[in-house]
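User: I'm new to this structure and would like to understand how its features get their names. Could you walk me through it, giving the reasoning behind each label?

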Amino acid sequence: MKIAVDAMGGDFAPEQIVLGAIAAAKQYDCEVVLVGDENKVKAELNKSPHWQDLKISIYHASDEIGMAEHPGAAVRRKKDASIVVATRLVKDGTCDAVLSAGSTGAAVASALFGLGRIKGIDRPTIATPMPTVNGVTLLLDSGANIDSKPQHLVQSALMGSIYAKYVFGIKSPRVGLLNIGEESTKGNEQALATYPLLQEMKTINFQGNAEGRDIPRGTFDVVVCDGFVGNVVLKFAEGLAKTIMKLIKETIKGGGWLAKAGAVLLVPTFKKLAKKMDYAEYGGAPLLGVNGCYIICHGSSNAKAIRSAIGVANEYVKNNVLEHISDSIAKEEILNNDSDGK
């Protein structure tokens, strides 16, 4: 298995990307192809002794796409940008998966232009694992589509359920539609129209509406919403997690010697909590619905996050997620129109 990694994408590229690739090459049974400026990438690799003994190679790309650039225009114009080249390696069969911590918009555009959609899927969706008391809940869409129609949410539910089943190992993932109440009569026009469509599906375990508080509780394994709402939920959760940890530290610091003594005893517990809430533990989020394995990483991904993301790509390919999605689409008559993506 070969995984193409955009070495130039992300806040800490190429240093942290390269370090993550080295860690992944040691841990997973796959070859990592670092795509980017060969001189810069090799300079980072040479900081780690014996990297030549690992399954790591470099594929030169002379350009890159910045976070401030218009995604679609940049992807069309910069044919030798690292994310475009990495995507092309999957398209032509050289690599089995691609991941990037660069511009999310550029990644989605590159995936659509370079790989295309799976037959039966109108729009791709970003599936982000959210930590819960019971493990993780898969939230989708978390940013690929700002405005979604009911059929797009239905397709997200199908793909999210497949991913949770074959990557997370959940036999019958509980699927929920994010809403403002549990009742089927609640919500806006989008939610009201989507609910009965989800009820009709044969291949998912639809459990009704999910409220915002159900996500951290782990009441559902898969929660579906449009990209606008999903991205707000994701960013709020990230900010809240950091704020809670900061408040705990400040409270202990100002609580006197007794609080500090108690905190020393709780250090192992705090470490476990921090690990559970750390996005780097979960790596990247798959872009489901495109004709290939495409993993999107957080822009501030460090080496640990990149290593985990490569592990996610490894599991995606190994468990034939793409094939399972296509098989499920064939079983759902509601998806067999292969519309024009509007």
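Analyst: Happy to, and please keep in mind that this is a predicted model. Let's begin with helix α6, which lies across β7, β8 (174–178) and β10 (222–224). The direction of α6 is at about 165 degrees to that of β10.

User: Which helix packs on the sheet and touches β6, β7 and β8?

Analyst: That is helix α9, residues 227–253. The direction of α9 makes about 45 degrees with that of β6.

User: What is the strand order of the sheet itself?

Analyst: The order is β6-β7-β10-β8-β9, an open sheet of 5 strands with mixed pairing. On average, neighbouring strands here are turned by 30 degrees against each other, direction ignored.

User: What makes β6 and β9 the edge strands?

Analyst: Each of them pairs on one side only. β6 covers 128–132 and β9 covers 205–210.

User: How do you know that β6 and β7 pair?

Analyst: Two strands pair when at least two bridges are found between them, and here 5 bridges join β6 to β7 (residues 135–140). These two strands run antiparallel. Among the bridge partners are Met130 with Thr137 and Pro129 with Leu138. β6 and β7 form a hairpin, with 2 residues between them.

User: What about β7 and β10, and how do they run?

Analyst: They are joined by 3 bridges and run parallel. The cut-off is at least two bridges, so β7 and β10, with 3, count as paired. Leu138 stands opposite Val222 in β10.

User: What makes β7 mostly covered?

Analyst: Of its 6 residues, 5 are buried.

User: Why is Thr128 called buried?

Analyst: Buried means under 20% relative accessible area. Thr128 has 11%, so it counts as buried. Its place is in strand β6. Leaving aside residues up to four places away in sequence, Thr128 touches Thr137, Leu138, Leu139, Ser142, Leu234 and Ala285.

User: What makes the link between the side chains of Thr128 and Ser142 a polar contact?

Analyst: The distance limit for such a pair of N or O atoms is within 3.5 Å, and the contact joining these side chains is 2.6 Å.

User: Now for the rings. Why is the pair Tyr163 and Phe168 called edge-to-face?

Analyst: By the pairing rule, the count comes to 3 aromatic pairs. In this one the ring centres are 5.7 Å apart and the planes stand at 75 degrees. Centres must lie within 6.5 Å for a pair, and planes over 60 degrees apart count as edge-to-face, so Tyr163 and Phe168 earn that name.

User: Are Tyr163 and Phe168 buried or exposed?

Analyst: Tyr163, at 3% relative accessibility, counts as buried. Phe168 has a relative accessible area of 30%. Partly exposed is the label between 20% and 50%, so Phe168 falls into that class.

User: Why is the pair Tyr163 and Tyr316 called tilted instead?

Analyst: Their ring centres are 6.2 Å apart, with planes at 45 degrees. Stacked needs under 30 degrees and edge-to-face over 60, so this pair is tilted. The pair links distant parts of the chain, with Tyr163 in helix α6 (residues 150–166) and Tyr316 in helix α12 (residues 303–318), 153 residues apart. Tyr316 is buried, at 2% relative accessibility. Together, Tyr163, Phe168 and Tyr316 form one aromatic cluster.

User: How do you know that Cys30 is in no disulfide?

Analyst: A disulfide is a covalent bond between the sulfur atoms of two cysteines. The cut-off is within 2.5 Å, while the nearest cysteine sulfur to that of Cys30, in Cys95, is 10 Å away. Cys30 is buried, with a relative accessible area of 1%.

User: Why is there no bond between Cys293 and Cys297?

Analyst: The sulfur of Cys293 is 11 Å from that of Cys297, its closest cysteine sulfur, so they are too far apart for a bond. Cys293 is buried, with a relative accessible area of 2%. For the whole model, the count comes to 0 disulfides.

User: Finally, which residues of helix α5 are buried?

Analyst: In α5 (residues 104–114), the buried residues include Ala106, Val108 and Ser110. The buried residues of α5 pack against α3 (71–77), α4 (82–91), β11 (285–288) and β12 (293–296).

Note on methods
Residues are numbered from 1 along each chain as its sequence is written. This is a predicted model: local features need pLDDT of at least 70, side-chain atom pairs count only at pLDDT 80 or more; totals for chains, interfaces and linings use all residues. Side-chain values use heavy atoms; hydrogens and water are left out. Rings of Phe, Tyr and Trp (its six-membered ring) pair if their centres lie within 6.5 Å; planes under 30 degrees apart count as stacked, over 60 as edge-to-face and the rest as tilted. Buried means under 20% relative accessible area, exposed over 50%, partly exposed in between (1.4 Å probe, protein chains only). Helices (H or I, at least four residues) and strands (E, at least two) are DSSP runs, numbered from the N terminus. Axes are lines fitted to C-alpha atoms, for helices over the stretch in contact, and angles run from 0 to 180 degrees between N-to-C directions. Contact means heavy atoms within 4.5 Å. A polar contact is a pair of N or O atoms within 3.5 Å; within protein, one must be able to donate a hydrogen and the other to accept it, and residues adjacent in sequence count only if both atoms are side-chain atoms.
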